[in-house]
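Trainee: I am new to this structure and would like to go through it with you step by step. Could we put it in front of us before I begin asking?

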Amino acid sequence: MKNRILYAGLAITVAALFCLQAGAISMTHNSLETTSSTLNKLIPEMEGISGNVKISTSPEDDLHPRVAANNAGDFAVVYELKLGTFSKVAPFVYSTNGGASWIEGPVWDSLEMYTGASGIHEDCDIDYNSKVDAFAVCLTDPIGDGTGIIGSIWLEGDFSNIDTWADHYTALGYGYTIYDSCVMNFDRFMASTFISDQDDYGLTAAPCVNYMGYPEFDDEGVGTSGSYYFDGQSETNSMPADNIESANGGGDHMYVVMQTGEGSSSKITYKATSNVIEDLGMQGGGPGGMDKYADIEVWPWQGYLVEGGGNVFVADPYVDASGNNVAIVYMTTDNIYGDWDIRCAYNDGVIPAEGEDYPWKTSVVAEGHPTDEVYPAVAVNGDTVLVSYISEGNLFIIESEDRGATWGEPEQINEVDGTVVEEMKSVDMISSAIVWTDNRDGDKNIYFADMPAPLVTVQSVSGGFGVSAVIKNSGTADAINVPWSIDLAGGLILVGSHAEGEISSLSPGDSETVKVGFVLGLGKATITVIAGGATQTAEGTVLGPFVIGL
């Protein structure tokens, strides 16, 4: 039987998922020596500008940006700065005023972070966890220590302690070559997905998932207790994997997609598992005694989204989710011309029971023959799906208002024609912003643009007589038909354990209070508020009809 690989470090343990026992993995916990003069400086040429905003400043090539936003609508971007053939670092920039001005953060150099590092940081990623108001960053040194290292960094959501927390990280040496990585967040831990060789098992380019504890932001350091699993191929042939991406929209499931090579062709593999912490912490229950919900090899929902063959190729999948709405975009040559088009697979909000297949439906996003449409990205917010793609050196976005079934007209984002770099990972997006690699200045730079889109957030959760929550639209467009729910779990809840409804419309900047009108119970309770794709939790105590301690 294949065993999970576990490791132990400081402070944090998350449920039974992170039981501590020996494993074939190395771990270090370190901090960098930096000074405040190198951090938090306003980038002058980025102040008070709009439209296409250049947010990188080096004369060298800047590549592969990734973007995230916090509850207030502030943005954070991490990207690769190529200093030479064997030298890449990972700069971090952020904006606390919705993109109107930008601030230089740390520049993460693997040579300053890891023992035996190669000096290459690539396949960096960033995500934001609204439940705990924190950013998580993953940084990959693909040949560090001779085999590969992934670094993980946590940052508080309002950037208040970036001087301190940008210098604290966890370095995980998996003992195998690491090809790719990305990150997604859960309640109080992070899950990163990556691709590696598992030489002891004869596996090449196998998808893996790593779970790591969330830190308390104090002086004790980051949480480094966790475990990782690799796909041993007993359920689905997902090797050799490439272009792995993942998403967690706060709904019932989390998702991983990847490109799987098959001879001279390829296919798109998907996997999904429960988003419930108790399920992920359950040991065993899967085939061969493997951990049913945590082990990526036996996740309950998996298979091939689409398969190539003959003259049909499929490549470069990207996934996003909002609640139970999930969309996967990819490029394909499935047409009589042989050029690349963009397709979208969507579930129409349907989450299957265990033992049932995902009810994927497919729509055509872009097909302008004989031109190519390539390297898609996707952002899902409620029923709205935004897709970006590159065609003839230009960056386009296109919108669906019905979960991916039908599409509007594409809109060009870059203001200078033909300057968008056509390569894998050139573009990343969320529902309120897009970043891309652009060569209009003669070298490769990172550009940013905000997008007219709603950004629904849970601003606060309050007690008193019952429970109430403030739902706000921090975006730049109306939020329509926003579903919300409030759940109380734990203790003894006799009345008022669940309430739900729909906000018909929220204009930009507006907020609305929703509530459970009457609660009756006793004991400690966890309150979970979900609005659109945003989730917020709080701990309190129920005393009869009152909820206190929030």
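Trainee: How many residues does the largest nonpolar core have?

Mentor: In this predicted model, the residues with the most contacts inside the largest nonpolar core are Val378, Val387, Leu395, Met429, Ile434 and Trp436. A second, separate core includes Ile471, Leu488, Val516 and Val529 and has 26 residues. The count for the largest nonpolar core is 34 residues.

Trainee: In which strand is the place of leucine 305, and is leucine 305 buried or exposed?

Mentor: Leucine 305 lies in strand E20, which covers residues 301-307. Leaving aside residues up to four places away in sequence, leucine 305 touches Ile268, Tyr270, Ile328, Tyr330, Ala345 and Trp360. Because its relative accessibility is 16%, and the cut-off for this class is under 20%, leucine 305 in strand E20 counts as buried.

Trainee: What distance separates the C-alpha atoms of leucine 305 and methionine 258?

Mentor: Along the chain, leucine 305 and methionine 258 are 47 residues apart. In space, the separation between their C-alpha atoms is 9.9 Å.

Trainee: Why is cysteine 124 in no disulfide?

Mentor: A disulfide requires a pair of cysteine sulfur atoms within 2.5 Å, and the structure holds 0 disulfides. Cysteine 124 counts as buried at 5% relative accessibility, and cysteine 138, at 0%, counts as buried too. Cysteine 124 is in no disulfide because the nearest cysteine sulfur, which belongs to cysteine 138, is at a distance of 9.2 Å.

Note on methods: Residues numbered from 1 in each chain as written. Predicted model: local features only at pLDDT ≥ 70, side-chain atom pairs only at ≥ 80, totals over all residues. Heavy atoms only, no water. Buried < 20%, exposed > 50% of the residue type's maximum accessible area, 1.4 Å probe, protein only. Helix = DSSP H or I, 4+ residues; strand = E, 2+ residues; numbered from the N terminus. Contact = heavy atoms within 4.5 Å. Core = buried A, V, L, I, M, F, W, Y, C linked by side-chain atoms within 4.5 Å.
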